[in-house]
Amino acid sequence: MTKLAPIIFRLRRLVVACEETLASYVGVETRLAGEFADDRLSIGEIAASSVVATGVLGSAVAWAKPTGGVQFATAPTGLTQIGARLRVLSDARQPVIRVEKYQTDGPSSRFIVYLPGTQNLGAANSNPLDMRSNLQLLAGQSSAASRAVDIALRRAGAGPSDQVMLVGYSQGGLIATHLAQQSRAGELDYRVVQVVTVGSPIGANSPVSLPRVLSIENKSDFVPHLDTISNPKSPNWFTLEGKVAIDPVQNHEMESYQRIVANFEVSGEAGERQIVRGVESFASGSGAVSYFEIGQ
């Protein structure tokens, strides 16, 4: 109870900050990171407090519905193609995810799922890619966004024998990491076997709780370091780092990360390229592409 008053005060300041800086993503995240450090309250403490449990950042009902018809595409053969598909989805600025389903020689299928980043910084609305989801996911909790992605995957037909690769940008990487941990714990109806994160602050997670992870980070982008923890070095976790320094906003954009990937494909070391090859060869052939709108 001794921490309840400052927690309430902090959460009120957070809401005001989000509303005042709706058009400035970088300004909001920089301010929040600094305020959390100043008050010496960890994100975990805030998320675990009774204030959160009673609704300030509490759970929301999540949903997912197909949008548009089923299309077809060839499986990506490199990080460049994976990044291009993620960028198209992110640039659309809509709460929509892309699900690709590829058949294998056996009865199982392989799914590649693309997840965009934060889109909603203002007042609560139906878009779950918001600051509440950011805070919940950073605290290791489920969010409306992660639950909606799970619903979409199950509606797309993912089952116990199927393998899934989750590709997420910014908050999308947080969602991917959380679902992968749930999968490893046997809490999902499908198997997440590969995670690719782009510009996501996921360093606080344990490699033991995750499948194979490829993290792409820009050394000039502060967002991947919002959790103040570097990614672990582990056989199942490879961090591909590059440096594109333009300005605080553009450093975090998908265009900068595409440049990092392009440089890696030209000058990456043989050992690193071998690690990445598992991502690039995850699926093959032609697959069905579905889009799902997610909401809360």
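Here are three short exercises, with worked solutions, on the predicted model shown above.

**Exercise 1.** Find out how many helices and strands the protein has, and what share of its residues is buried.

*Solution.* Start with the secondary structure: you should arrive at 10 helices and nine strands. Next, turn to burial: of the 296 residues, 52% are buried. Finally, look at contacts with a separation of 6 or more: 74% of them are between residues 24 or more positions apart.

**Exercise 2.** Work out which residues of helix α10 are buried and which are exposed on its other side.

*Solution.* Step one: go to residues 270-280, which form α10, and pick out the buried Val276, Val279 and Glu280. Step two: check their directions around the axis; they span an arc of only 85°, so they lie on the same side of α10. A handy rule helps here: an α-helix has 3.6 residues a turn, so residues three or four places apart point the same way. Step three: on the other side of α10 you will meet Ala270 and Gln274, both exposed. Step four: see what covers the buried residues; the cover includes helices α5 and α9 as well as strands β5, β6, β7 and β8.

**Exercise 3.** Describe how helix α6 packs against helix α8.

*Solution.* First, take the geometry: α6 (residues 131-138) and α8 (residues 171-184) pack at about 45°, and their axes are 10 Å apart. Because angles from 65 to 115 degrees count as roughly perpendicular and those under 35 as roughly parallel, α6 is oblique to α8. The crossing is left-handed. Now list the contact residues: Ser133, Asn134, Leu137 and Leu138 from α6, with Gln171, Leu174, Ile175 and His178 from α8. Sorted by type, they give four nonpolar, four polar and no charged residues.

Definitions and conventions:
Residues are numbered from 1 along each chain as its sequence is written. This is a predicted model: local features need pLDDT of at least 70, side-chain atom pairs count only at pLDDT 80 or more; totals for chains, interfaces and linings use all residues. Side-chain values use heavy atoms; hydrogens and water are left out. Buried means under 20% relative accessible area, exposed over 50%, partly exposed in between (1.4 Å probe, protein chains only). Helices (H or I, at least four residues) and strands (E, at least two) are DSSP runs, numbered from the N terminus. The arc is that of the directions from the helix axis to the C-beta atoms. Contact means heavy atoms within 4.5 Å. Axes are lines fitted to C-alpha atoms, for helices over the stretch in contact, and angles run from 0 to 180 degrees between N-to-C directions. Angles under 35 degrees count as roughly parallel, over 145 as roughly antiparallel, 65 to 115 as roughly perpendicular and the rest as oblique. A crossing is left-handed if the near helix is turned anticlockwise from the far one by less than a right angle, and right-handed if clockwise. Ala, Val, Leu, Ile, Met, Phe, Trp, Tyr, Cys and Pro count as nonpolar, Asp, Glu, Lys and Arg as charged, and the others, Gly among them, as polar.
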